[in-house]
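Trainee: Got a minute to go through this one with me? I'd like to hear the reasoning behind each label.
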Amino acid sequence: MARPTDTSTGTSTGTAPTTDHGPGGGSGTTRRRFAGGLAAVVTTAATAATLTTATDTAHAAPRPDRRAAAPTVAVLGGGVAGLTAAHELAERGFDVTVYERKTALGGKARSMDVPGSARGGRRPLPGEHGFRFIPGFYRNLPDTLRRIPFPGNSNGCHDNLVASTEVMLARTGGREDIRLPFRSIGQPPPVLTPEAFLRTVTALAETFQGLPAHEVAHFAGRLLVWFTSCEQRRNGSWERVPWFDYLGAAGRSENYRQLLAIGITRNIIATKAEVASTRTVATCIEAFLYNAMGRGADGEPDRVLNAPTNEAWIGPWVTHLRSLGVTFRLGCAVRDLRLAGGRVAEAVVEDASGARRSVTADHFVSAMPVEHARTTWNAGLRAADPQLAACDRLRTDWMTGIQFYLTEPTPIIHGHVNHIDTPWSLTSVSQAQYWRGRDFRTDYGDGSVADCLSVDVSEWDRPGILYGKTAKQCTPEEVAREVWAQLKSGLNDTGRTVLRDSVLHSWFLDPAVSPGGPRPENDEQLLIHPVGTWYHRPTARTAVPNLFLCGDYVACDIDLATMEGANATAREAVNALLDAAGSGAERCTVTPLYRAPELEALKRQDAWRYRLGLRNAFDAG
């Protein structure tokens, strides 16, 4: 079978028909596995050539293709989901081409160069859409990281993970900051009985200062209800209840609301407690608690990378995929998927000039974010599979990072900071402390930058403290000034000076975000999880036999929009493709979230109670 081909579908520029000739057509040569090759990592560390090449020319001279007879797969999207699918398929002998609408790979996970920031032979300052956060309860993504060779690392890119040790809730208005250890518990309960569970959670919640004992007990009790709820109750009832309501936060103290209902949710789940479904939030809190108890975990609860993402992960990944024969077509936006005979016959892609091509393949894996994927599903495709139309009900919102470059090292804590009282719901991390193999002044920028404070902005529709405008209403410069002011309002609030204007060198906001003006735009939004969202999430397998879906919006047990969800659903999509193709290749391992075996009997009892219309046995309301 031929590999995916591009044939002209007509363009406004009158260009001649083009054909995709095969791997390496202008995208760089296919490389051998580089486990021992220092030259390859130098190339990927630079990242400019590997990750930001323009669209591969369709007129490059063909070269021999060792996979000429292999089944062809067009992977539509080059983020974590698309690269994972390409990785799994290439290892199983498929002929894979990845089409990515941007001129860089990695999606929202990538790092990017700050334009014009390099001086004296240094690399540009590293920017990003948002900081990396890879908790220990992730199991599928870490498996992929282990399989990406990295010179000097016995476990590949996985060895580039660094554990944080603490978390801080930064308060304003003279309230004392809360600084907590964020690592595995030294002596978790050997047998998780309900009593042991309540003792453990109560001890953890009591570290949040200012909470009365009865509220701590109530919080622990609500978590026990979730941990012992059957899947039918979780999906049928708790998916319909906002987390804020599930905790009974409205009738309790401000500290309970801010610390346990809103603060935890924002810091470890990056969603809004007032609207997010209990199923989504509690699933992740359950995973974090098991992680802290040392159960079912790949590592410590909070991990980051030891270098900018492209250097520590995405660059080596792309190099490895090329060594497996994967071809990348960058700057190719998918515009349509056309059916013929009940199958996808072609994908129509458009380059930056507006020229359109037809891509044909045996199988298609749609790995784009939902807001972009659903624009490619025409009426015929939606009629063929109603779950595609249901995706129109899924919602996305703005959550974007901004980086502040500082002329002095500023390790606020060894972990993430939740600026809990800020109107724009800020979280931050000081990154240079983790980049042990880098000297920031020597390696990046103009030689004066010593640290990068990376901040995520989760709330874009609430007025700020400096201009009285929402983040969407502000210009990029106003966003930077407002975020800086909100950071200082907490960190500098109790007589200490953590952030000084004199050390602020510059800032960077992802160019995908265009706030201000009459029509603010964000080209890279985040799937959010209001109540009822789960019912509209599609599966990786579609009713169209050669079309498969993956991405953080596709249903998986982690529920939340995460890199882990993108990775897991890509594995599900590949398994569905292998089934459809009748392949004898080994199926991808998809590791589910950990569940304590001691609680399974209580869940079975709860399933019986749920069928009878009774509450969970531990639910006092």
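Trainee: What makes Cys556 count as buried or exposed?
Mentor: This is a predicted model, and in it Cys556 has a relative accessible area of 12%. Buried means under 20%, so Cys556 is buried.

Trainee: And Cys284, buried or exposed?
Mentor: Run the same check: Cys284 comes out at 2% relative accessible area. The cut-off is under 20%, so Cys284 is called buried.

Trainee: How many disulfides does the structure hold?
Mentor: Zero.

Trainee: Why is there no bond from Cys284 to its closest cysteine sulfur?
Mentor: That closest sulfur sits in Cys556, 9.5 Å from the sulfur of Cys284. A disulfide needs the two sulfur atoms within 2.5 Å, so this pair is too far apart for a bond. Looking from the other end, Cys556 has the sulfur of Cys284 as its nearest one and is in no disulfide.

Trainee: OK, on to pockets. What is the volume of the second largest pocket?
Mentor: About 610 Å³. Its lining has 28 residues, and Leu180, Pro181, Phe182, Leu204 and Phe208 are the ones nearest the centre. Elements giving two or more residues to that lining include strand E8 (178–181) and helix H5 (194–205).

Trainee: Which element gives the most to the lining of the second largest pocket?
Mentor: H9, with six residues.

Trainee: How do the residues of that lining divide into nonpolar, polar and charged?
Mentor: There are 22 nonpolar, five polar and one charged. Leu, Pro and Phe count as nonpolar, so the residues nearest the centre, Leu180, Pro181, Phe182, Leu204 and Phe208, belong to the nonpolar group.

Key:
Residues are numbered from 1 along each chain as its sequence is written. This is a predicted model: local features need pLDDT of at least 70, side-chain atom pairs count only at pLDDT 80 or more; totals for chains, interfaces and linings use all residues. Side-chain values use heavy atoms; hydrogens and water are left out. On a 1 Å grid over the protein atoms alone, a cavity is a set of points where a 1.4 Å probe fits but cannot get out, and a pocket is an open set with protein on both sides within 12 Å along at least five of seven lines; lining residues have an atom within 4 Å of a point. Grid points are joined across faces, edges and corners, and a volume is the space filled by probe spheres set on the points. Helices (H or I, at least four residues) and strands (E, at least two) are DSSP runs, numbered from the N terminus. Buried means under 20% relative accessible area, exposed over 50%, partly exposed in between (1.4 Å probe, protein chains only).
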